[in-house]
Amino acid sequence: MKNWKRLAALLVSGAMALSLCACGGGDADPSPDPSASAQTTGGDPSAQPSADPSPAPSVEVDLSQDALAFSAGLSGADELLTVNGTAMPADLALYWLAMSCNNFLSQYGMFGLTLTDYADVLRDDAVNLCAYNVLLRQRAAELGCLPTDAQVQQARDTMMAQGQEQYDLLKTAYGLSDDSMEYIFTSNAYYENVLAAAVPEVTDEMLNGYVYQVKHILFKTVDDNRQPLSDEEAAEKKQQAEDTLAQLQAADDLNARFDELMNQLSEDGRNADGALAAPDGYTATPGQMVPEFEAAAFALKPGEISGLVKSDYGYHIILRGEVADLHSYDGAFREHALDQQLSGLLESAQLTRAPELDALDVPSFYERYAAYQNAVMAQAQPAESESPAGD
């Protein structure tokens, strides 16, 4: 699954994710209108409550083993993946796999989806996260923007912010080495440095190829349950769309006439009072709208109108406008541009997966990994004092 925006969110939050795996987060990003495609981006895996991925009571934890031996039968130094010749040790690879599982359960567990159903996808996600880390570091070396001594020290200070005892506890619970802990906590510095170096200046032209503002008039060829209308009804919709387009093309004041016909005719979402739910249109970035709609919008210049655009929803007529505060999207564009660069690097990267990685039982691993963490944390909690019973 090559959704680099989501993977980047997991990476950047990685240093903050060193808490119980049973804590998780991530929200589904609701589609802005009936023309939008479903997009999901992950957030900080430790930030929000999740569906409970806690282990079943039948998991008996053996704390005489380390976390990875217990959960996966592996040593932290085992190599599960190489990326362009750079090895990813098992403790890091399995950490990213656990983060992928946790994020999945946080977003989809409440809908009844299980790790068993998506084990192979989650394994591939973990491979991509590992590759993302390695490629990010390789890119930093190429660009000459490795973390400074100050950034490395800041990462170490963050690691030790809660003291040596808490640091050692997290290392034990996650089965991570000192080097792997630092690897995770310096991820932010690598990301920030490469982001600054890879896209140093953002122009209006770049932004107009990334974000667009549009209004549209929709003539639906599906019913409210997204079932196709009859051929006769669909033909009527097309004729109505063609007639409307002709009126717009002949208008002296395109913007005013577009608003008039949009409010009168569009079958986009409407409120209970019949008014359009989005009379000012939509501001969108790549991947938020269905492909046909997005391609047509990007092909227009501000102030231009499209021809008929056919999508699974029906016929659209699109008017592109100007994006307000265009440069407020500088940061989002730069992240998108870096994601595109890393996606290209992944396409050409040499990945070698160890047989142990592909043979791993993902649901069993995650259950045992989370059980081990819970047991370590429970053992570390001071015993609660019991109050004497009173009459």
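Here are a few worked exercises on this predicted model.

**Exercise 1: two helices and their lengths**

Work out whether the end-to-end distance of helix α8 agrees or disagrees with its number of residues.

*Solution.* Start with the residue count: α8 covers residues 187-198, which makes 12 residues. The expected span takes 1.5 Å times one less than the number of residues. For α8 that comes to 16 Å, and the end C-alpha atoms are 16 Å apart, so the two agree.

Now try α13, residues 330-348. This helix has 19 residues, with 27 Å expected. From first C-alpha to last, α13 reaches 28 Å, which is close to that value.

**Exercise 2: the buried side of α13**

List which residues of α13 are buried, then look at their spacing.

*Solution.* Take under 20% relative accessible area as the cut-off for buried. In α13, that picks out Phe 333, Arg 334, Ala 337, Leu 338, Asp 339, Leu 342 and Leu 346. Next, bring in the helix geometry: with 3.6 residues a turn, residues three or four places apart point the same way. Keep that in mind as you go along the buried positions, among them Leu 338, Leu 342 and Leu 346.

For α8, the buried set is Ser 187, Ala 189, Tyr 190, Tyr 191, Asn 193, Val 194, Leu 195 and Ala 198.

**Exercise 3: cores**

Find the residues with the most contacts inside the largest nonpolar core.

*Solution.* This core has 77 residues. Those with the most contacts inside it are Leu 80, Met 88, Leu 94, Tyr 95, Leu 97, Tyr 174 and Phe 365. Apart from it sits another core of 15 residues, including Met 289, Ala 296, Ala 297 and Leu 300.

**Exercise 4: the β3-β4 hairpin**

Decide whether β3 and β4 pair in the parallel or antiparallel sense, and describe the turn.

*Solution.* Strand β3 is residues 79-83 and strand β4 is residues 86-89; they pair antiparallel, over four bridges. To place one of them, match Glu 79 with its bridge partner in β4, Pro 89. The two strands form a hairpin with two residues between them. In that turn, Asn 84 has a positive phi of about 50 degrees.

**Exercise 5: two cavities**

Say what lines each cavity of 30 Å³ or more.

*Solution.* The count is two. The largest holds about 50 Å³, and its lining includes Lys 215, His 216, Asp 268 and Tyr 282. By type, that lining splits into four nonpolar, three polar and two charged residues.

The second largest has a volume of about 30 Å³. Its lining is Leu 81, Ala 93, Ala 126, Val 127, Cys 130 and Leu 357: six nonpolar, no polar and no charged. Helix α4 (residues 119-143) gives the most to this lining, with three residues.

Methods:
Residues are numbered from 1 along each chain as its sequence is written. This is a predicted model: local features need pLDDT of at least 70, side-chain atom pairs count only at pLDDT 80 or more; totals for chains, interfaces and linings use all residues. Side-chain values use heavy atoms; hydrogens and water are left out. A nonpolar core is a set of buried Ala, Val, Leu, Ile, Met, Phe, Trp, Tyr and Cys residues joined through side-chain atoms within 4.5 Å. Buried means under 20% relative accessible area, exposed over 50%, partly exposed in between (1.4 Å probe, protein chains only). On a 1 Å grid over the protein atoms alone, a cavity is a set of points where a 1.4 Å probe fits but cannot get out, and a pocket is an open set with protein on both sides within 12 Å along at least five of seven lines; lining residues have an atom within 4 Å of a point. Grid points are joined across faces, edges and corners, and a volume is the space filled by probe spheres set on the points. Ala, Val, Leu, Ile, Met, Phe, Trp, Tyr, Cys and Pro count as nonpolar, Asp, Glu, Lys and Arg as charged, and the others, Gly among them, as polar. Two strands pair if DSSP finds at least two bridges between them.
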